[in-house]
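Trainee: I've got a fold to get my head around before lab meeting. Could you walk me through it?

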Amino acid sequence: MSNETGKPEFWESAFNEKHEMWGFEPSRSAVLTKDLFVRESVKNILVPGIGYGRNAQIFIDNGMAVTGIEISKTAIEMARKHYGTAMVIHHGSVTDMPFDNNKYDGVFCYALIHLLDESERAKLIRDCYDQLAENGYMVFTVISKDAHTYGQGELISKDRYEMFGGVRMFFYDKESIHAEFGNAGLFEITEVTENYPFYLIKCKKGR
Ligand SMILES: C[S@@+](CC[C@H](N)C(=O)[O-])C[C@H]1O[C@@H](n2cnc3c(N)ncnc32)[C@H](O)[C@@H]1O
């Protein structure tokens with residue numbers, strides 16, 4: 001039986017085997033989001049699926065307070081080792097949000113939501129929106145159907161495939177982005193190339 005993404009064992013073994021597998025440089029999406037957050041005077045942010053922190057330190061360096069949520073204990077220990085205790089990190093699954101009663105003026109969620117199933121994705125968007133302060137921003141990066149891996153592996157449901165020894169991924173296009181984020185303050189979709197072609201999805205509360 002294959003592992004399922006979202007189960008802690010999958011990510012525990014990934015971080016145990018591959019350690020700091022994405023290096024220490026922030027992704028392009030994190031840099032672009034930092035620019036938006038600085039422009040909009042965002043002060044405290046929530047980062048669901050924070051990993052070992054490589055996409056979070058840039059926000060701290062720019063004067064923001066960061067709270068993360070992460071399913072892998074090993075990744076949290078790595079974040080502590082490299083970046084100290086400046087980030088608060090809740091250990092658990094985003095499917096169990098909320099982990100606190102705080103309101104955040106920014107949410108940054110990188111390469112996580114496409115790992116979830118349809119109802120988990122809807123709940124994550126709702127939970128992030130609920131934790132957003134009025135006029136707050138949330139930014140999600142998601143894998144695009146333009147990725148060469150789209151259509152590989154076993155079809156689970158429309159646009160969702162099981163691949164890479166157990167990873168399940170939902171591949172987005174503009175239509176599915178509108179369908180899922182349309183009621184959550186969606187105001188911009190741009191394309192950004194990371195290790196795969198991604199979309200950068202921006203939402204604002206209270207427009
Ligand atoms: C593709 S990685 C992106 C990591 C991070 N954003 C980065 O780029 O450095 C997905 C991250 O989300 C975490 N994760 C996966 N499923 C999760 C869940 N259900 N709840 C919380 N974290 C989860 C993984 O452990 C991993 O750190």
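Trainee: Let's start with strand S1: how many of its five residues are buried?

Mentor: Keep in mind that this is a predicted model. S1 covers residues 44-48 and is mostly covered. The number of its five residues that are buried is four.

Trainee: Which residue in S2 is the bridge partner of Val 47?

Mentor: S2 spans residues 65-70, and five bridges join S1 to it. The two strands run parallel. Opposite Val 47, the partner in S2 is Gly 68.

Trainee: And which residue in S4 does Leu 46 stand opposite?

Mentor: S4 is residues 104-110, and S1 and S4 are joined by two bridges. They run parallel too. Across from Leu 46 in S4 you'll find Val 107.

Trainee: On to H1. How wide an arc around the axis do its buried residues cover?

Mentor: H1 runs over residues 8-18, and its buried residues are Phe 10, Trp 11, Ala 14 and Phe 15. They sit on the same side of H1, because the arc they cover around the axis is only 120°.

Trainee: Which helix do those buried residues pack against?

Mentor: First look at the other side of H1, where Glu 9, Asn 16 and Glu 17 are exposed. The buried residues of H1, in contrast, pack against residues 73-83, that is, helix H4.

Trainee: What comes after H1, and is that residue buried or exposed?

Mentor: H1 is followed by His 19, in the loop between H1 and helix H2 (28-39). Its phi is near 50°, a positive value in a residue other than glycine. Most residues other than glycine have a negative phi. His 19 has 11 C-beta neighbours inside 10 Å, so the residue counts as exposed.

Trainee: Where is Asn 135, and is it buried or partly exposed?

Mentor: Asn 135 belongs to strand S5, residues 132-143. Its phi is positive as well, near 70°. There are 13 C-beta neighbours inside 10 Å, so Asn 135 counts as partly exposed.

Trainee: What is the omega of the peptide bond from Met 97 to Pro 98?

Mentor: Pro 98 is in the loop between strand S3 (88-91) and S4. Most peptide bonds are trans. The one from Met 97 to Pro 98 is cis, with omega near 10°.

Trainee: Now the ligand. Which residues come nearest to it?

Mentor: The shell around the ligand holds ten nonpolar, seven polar and two charged residues. Of these 19 residues, the ones that come nearest are Trp 11, Gly 49, Gly 51, Ile 71 and Tyr 110. Notice that one of them, Trp 11, is also among the buried residues of H1.

Trainee: How far apart are the C-alpha atoms of Asp 130 and Asn 102?

Mentor: Asp 130 is in helix H5, residues 118-130. With 11 C-beta neighbours inside 10 Å, Asp 130 counts as exposed. Along the chain, Asp 130 and Asn 102 are 28 residues apart, and their C-alpha atoms are separated by 9.9 Å.

Trainee: Last one: what radius of gyration does the chain have?

Mentor: The chain has six helices and ten strands, and buried residues make up 41% of its 207 residues. Of the contacts with a separation of 6 or more, 64% come from residues 24 or more positions apart. A compact globule of 207 residues would have a radius of gyration near 17 Å, which agrees with the chain's own value, 16 Å.

How values were computed. Residues numbered from 1 in each chain as written. Predicted model: local features only at pLDDT ≥ 70, side-chain atom pairs only at ≥ 80, totals over all residues. Near = placed C-beta within 6 Å. Nonpolar A, V, L, I, M, F, W, Y, C, P; charged D, E, K, R; others polar. Buried ≥ 20, exposed ≤ 12 C-beta atoms within 10 Å, placed from the backbone. Pairing = 2+ DSSP bridges. Arc of directions from axis to C-beta. Contact = placed C-beta atoms within 7 Å. Rg over C-alpha atoms; globule rule 2.2 N^0.38 Å.
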